[in-house]
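Me: I've got a model open and some labels to sort out. Can you walk me through what earns each one?

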Amino acid sequence: MPDPAPTSPTWVSAPNPQLYSPRNLQRYRRLVVDKSHRLAWKLDNTELLDLYLRHVRERHLEVGPADLHFLNLTPAPTLAHLWHVDVLDINDAPLNTAREQLLGRAQTSLHKHDALVAPWPLAHQSVDSLACGNVLHCLLGNGFRAKATAIGEMARVLTDDGTAWGYTLLGAQDPAISPNLLARYLMYRYNRADNIFHNTGDRLTDLSRELDACFAEVRLWVMGCAAVWVARGPRR
């Protein structure tokens, strides 16, 4: 498969600079990782961090970095001049935050790009590890079939022996999860708000189908309100 040709920005999603502002990113760990993960979504942050500790490699891609919380807690897999981190997001503040926090730790390439638009501005088989956490439930579309482009691009840019992982909140009506009252309330509010959540139709069975279509080896499990996956063997 040839590398993608450079393209001018074409977006399906819309940036949300008010939500992903520098000020809000400074509060992201406290409000999202510490509180929402624990109280609403019932996510185990130790287990999520362990995915990074196990799988981050010398050429890494972070999709939708927010404040880069888990990558910041991950020791560099090699020397700073040998560790290359690509960061992809549609908003400016997360990209700028990633550049500041990775300064001196890694060589960084920033890509302002919509995850729903192919091709991503990365070469075919250009990264050895790829993380996509708390992203798919924010992408526009009713269900994972509408978000399949992002999963396909993960497979395209990953090397044959690379590892992709991530987690995404499933829709509150998915029988695979049992959200508490706080989780149901937040999902209801975030899906009704402008450009925050788009996960009402997201189902575990559909995510499994899309991942299996793009990767030969998929481990997918439920953690609280989220689906968590580790995928290898991108299908060409």
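Reply: Sure, let's start in a loop: Pro-119 sits between strand 3 (107-112) and strand 4 (127-133), where helices (H or I, at least four residues) and strands (E, at least two) are DSSP runs numbered from the N terminus. Keep in mind that this is a predicted model, so local features need pLDDT of at least 70 and side-chain atom pairs pLDDT 80 or more, while totals for chains, interfaces and linings use all residues. Residues are numbered from 1 along each chain as its sequence is written, and side-chain values use heavy atoms, with hydrogens and water left out.

Me: What makes the bond between Ala-118 and Pro-119 cis?

Reply: Omega is about 0 degrees there. Most peptide bonds are trans.

Me: What is notable about phi of Ala-66?

Reply: Phi of Ala-66 is near 50 degrees, a positive value in a residue other than glycine. Most residues other than glycine have a negative phi. Ala-66 lies in the loop between strand 1 (59-63) and helix 4 (69-72). Asn-195, in the loop between helix 7 (181-192) and helix 8, also has a positive phi, near 65 degrees.

Me: Why do Ala-66 and Asn-195 count as buried?

Reply: Buried means under 20% relative accessible area, exposed over 50%, and partly exposed in between (1.4 Å probe, protein chains only). Ala-66 has 10%, so buried is the word. Asn-195 has 19%, so that label applies there too.

Me: Why is the pair of Trp-41 and Phe-197 called tilted?

Reply: Rings of Phe, Tyr and Trp (its six-membered ring) pair if their centres lie within 6.5 Å; planes under 30 degrees apart are stacked, over 60 edge-to-face, and the rest tilted. Trp-41 and Phe-197 have ring centres 6.1 Å apart and planes at 35 degrees, so the pair is tilted. Trp-41 is in helix 2 (residues 28-41) and Phe-197 in the loop between helix 7 and helix 8, so the pair ties together parts 156 residues apart in sequence. Trp-41 is buried at 3%, and Phe-197 is buried at 6%.

Me: And what makes Tyr-52 and Trp-165 edge-to-face?

Reply: Their planes stand at 85 degrees, with 5.3 Å centre to centre. Tyr-52 belongs to helix 3 (residues 45-55) and Trp-165 to strand 5 (residues 158-169), so this pair ties together parts 113 residues apart in sequence. Both Tyr-52 and Trp-165 are buried. The count of aromatic pairs comes to four, and ring pairs link Trp-41, Tyr-190 and Phe-197 into a cluster.

Me: How do you know that helix 6 and helix 8 make a contact?

Reply: Contact means heavy atoms within 4.5 Å. Ala-148, Ile-151, Gly-152 and Ala-155 of helix 6 make it with Leu-207, Glu-210, Leu-211 and Cys-214 of helix 8. These residues divide into six nonpolar, one polar and one charged (Ala, Val, Leu, Ile, Met, Phe, Trp, Tyr, Cys and Pro count as nonpolar, Asp, Glu, Lys and Arg as charged, and the others, Gly among them, as polar).

Me: Which residues does Leu-136 contact beyond its neighbours within four places in sequence?

Reply: Phe-144, Lys-147, Ala-150, Met-154, Thr-168, Asp-202, Leu-207 and Trp-229.
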